[in-house]
Amino acid sequence: MTRMRAVDAAVLILEKEGAVQTFGLPGAAINPFYSAMKKHGGIKHVLARHVEAASHMAEGYTRAKAGNIGVCIGTSGPAGTDMITGLYSASADSIPILCITGQAPVAKLHKEDFQAVDITSIAKPVAKWAVTVMEPAQVPGTFQRAFHLMREGRPGPVLIDLPIDVQLAEIDFDIATYEPLPVARPAATRAQAEKALGLLNDADRPLIVAGGGVINADAADLLVEFAELVGVPVVPTLMGWGTIPDDHPLAAGMVGLQTSHRYGNATLLASDLVLGIGNRWANRHTGSVATYTDGRKFVHVDIEPTQIGRVFAPDYSIVSDARAALEVFVEVARDWAAEGRLADRSAWEEECRRRRTTLQRKTHFDNVPIKPQRVYEEMNRAFGPDTRYVSTIGLSQIQAAQMLHVYRPRHWINAGQAGPLGWTVPATLGVATADPDSTVVALSGDYDFQFLIEELAVGAQFNIPYIHVVVNNSYLGLIRQAQRGLEMDYCVQLSFENINSPELNGYGVDHVKVAEGLGCKALRVSEPDEILPALEQAKKLMVEFRVPIVVEIILERVTNVAMGTEIDNLVEFEELAERPEDAPTAIALHG
């Protein structure tokens, strides 16, 4: 049996489990772990500027490719507390990341030692498991269990806290015979699939709602095959966007109070049965349950048993991994198709497609200052189906989801439930690290961009190229719009006269100078016809310099984006598309 430090065993396990990309910051209490990474050489590391950012980088890395698990590393005390937002974001969206923290020696944990905090207790509500390892011999088993928990059932993050004396202690460990624990996933049975398909077949106007669980299970191909077999239109949730290409004939648009399409909401309201797969009936998707469920039946498939009935009771449910369920759904659908048992959906399909041609929002505005709709129109022109988009929250994210196009799973990466400001820059760095050869485009409002803007230096230092579109109205736009109901516009303005950049005309922070000061390239756009040339130039700069490229677009100060409190009562603040030239990049208006 080989004798080694506990941290050497931990690093060898990371390699064996395939978690070879880390993001973090060294410090005194975690330096032994870093010494093990240096010694063994099989683990890559990106040095973040803030530990919260490192945790978001880990999440972006995980979400970019099936099977990835990003690792975030920090020292004791505030490093762990900085990770809490990252743990919350990952937990809320069912994303496995591993957070590793240093800790004071075991004997000092109760003595208020420097930077000694009970991070396990703090992290437990937002992690699938959080543990402080008190015995060196438990390190291998703890890491083994962590990977098992992250992968099994509903995925999620884990935090492992390592006292410095535990890290340095020697243990007996044999990596040659180490094996990851087998992961069991619940799977739908043939009888369950036949029951669900029977309900689907009996409905006149059925829909499939595809959630993030379909992407987590790497099952988008099966989802599309199943939809094509049964002829049922598909509504992706925001977390499931990309499970079916936006230009697919069965793509019915998104549903919800904010990130939704007019035709998507209309189709949901016209349906009589909804089959949800790997979704959680989020409140910004459903609005009030009474309106969402009125007049229709529901079948719910989810890997986590306690998700069934959490928001409302479905008429039928199946506890299953999304891929396992879709495999048997496809099997039954093929058999029924061969027997001529599947209902003809051609009239319903045509009705749904017809809505897409008539219920579009206008994007082509020539106004100066620029209206944000024009930005997304030009992004559709500049970026093709291989582009990966990353965003978190705000009017920018909401309107982008209404107007951009996504064609593949993991090509819309969004902090869904938690929506932390500042997430976009580091998460995008994680995505671009995982897939350095694709075009990665981040989208932020000015406030999200400012929260963790220092992480642009990480992209410059480690040559992680991507394009960051910053739509700047110098306002907390979503909060300002939410304040309309209270008849106020209070503490949400970011504008000020910048004495160093008078050319900004009161918009405040000079993002171009800040980005350049952090080692990146940056462009500023003030006219609508300048947007596309700037995006094309950004693509060239990204290839030439291999750093983040910021494209700041100066918007009108006040824009109210389409949204509401019920899916049957969204408020449209702008004029709607009446002709193809009103929305020239909308898929449905052009074939």
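Colleague: In β7, which residue is the bridge partner of Thr132?

Modeller: This is a predicted model, in which local features need pLDDT of at least 70, side-chain atom pairs count only at pLDDT 80 or more, and totals for chains, interfaces and linings use all residues. Residues are numbered from 1 along each chain as its sequence is written, and side-chain values use heavy atoms, with hydrogens and water left out. Helices (H or I, at least four residues) and strands (E, at least two) are DSSP runs numbered from the N terminus, and two strands pair if DSSP finds at least two bridges between them. Strand β6 (residues 129–132) pairs with β7 in the parallel sense over four bridges, and the partner of Thr132 in β7 is Asp161.

Colleague: In β7, which residue is the bridge partner of Leu98?

Modeller: Besides β6, strand β7 (158–163) is joined to β5, which runs parallel to β7 through six bridges. Within that pairing, Leu98 has as its partner in β7 the residue Val158.

Colleague: Which residues of β7 are buried on each face?

Modeller: Buried means under 20% relative accessible area, exposed over 50%, and partly exposed in between, with a 1.4 Å probe and protein chains only. In a regular strand the side chains alternate between the two faces of the sheet. Six of the six residues of β7 are buried. On one side these are Val158, Ile160 and Leu162, and on the other Leu159, Asp161 and Pro163.

Colleague: Against which elements do the buried residues of α5 pack?

Modeller: In helix α5 (residues 84–92), the buried residues are Ile84, Gly86, Leu87, Ser89, Ala90 and Ala92. Contact here means heavy atoms within 4.5 Å. The elements packed against these residues are α3, α4 (78–82), β5 (97–103), α6 (119–123) and β7.

Colleague: In what order do the five strands of the open sheet stand?

Modeller: Strands of a sheet pair through backbone hydrogen bonds, either parallel or antiparallel. In this open sheet of five strands the pairing is parallel, and the order is β10-β9-β11-β12-β13.

Colleague: Why is one side of β10 and of β13 left without a neighbour in the sheet?

Modeller: Neighbouring strands of this sheet are turned against each other by 15° on average, direction ignored. β10 (234–236) and β13 (316–319) stand at its edges, so one side of each has no neighbour in the sheet because each has a single partner strand.

Colleague: In β12, which residue is the bridge partner of Val274?

Modeller: Strand β11 (residues 273–277) is joined to β9 (residues 206–210) by five parallel bridges, with Ala210 opposite Ile277 as its partner. Five bridges also join β11 to β12 in parallel. Strand β12 (residues 297–302) is largely enclosed by the rest of the structure, because five of its six residues are buried. The partner of Val274 in β12 is Phe298.

Colleague: In β13, which residue is the bridge partner of His300?

Modeller: β12 and β13 run parallel and are joined by four bridges. His300 has as its partner in β13 the residue Ser317.

Colleague: Is Leu238 buried or exposed?

Modeller: Leu238 lies in the loop between β10 and α12 (262–270). Leaving aside neighbours within four places in sequence, its contacts are Met254, Thr259, Gln397, Ala401, Trp412 and Asn414. Because its relative accessibility is 16%, Leu238 counts as buried.

Colleague: How many residues of α18 are buried?

Modeller: α18 (395–403) is mostly covered. Among the elements covering its buried residues are α17 (372–382), β14 (388–391) and β15 (412–414). The number of buried residues, out of nine, is nine.

Colleague: Which residues lining the largest cavity lie nearest its centre?

Modeller: A cavity is a set of points, on a 1 Å grid over the protein atoms alone, where a 1.4 Å probe fits but cannot get out; lining residues have an atom within 4 Å of a point. Grid points are joined across faces, edges and corners, and the volume is the space filled by probe spheres set on the points. The largest cavity has a volume of about 280 Å³, and β10, α12 and α18 each give two or more residues to its lining. Of its 27 lining residues, those nearest the centre are His261, Tyr263, Gln360, Gln402 and His405.

Terms used. Axes fitted to C-alpha atoms, helices over the stretch in contact; angles between N-to-C directions. 1 Å grid on protein atoms, 1.4 Å probe; cavity = no way out; pocket = protein on both sides within 12 Å on 5 of 7 lines; lining within 4 Å.
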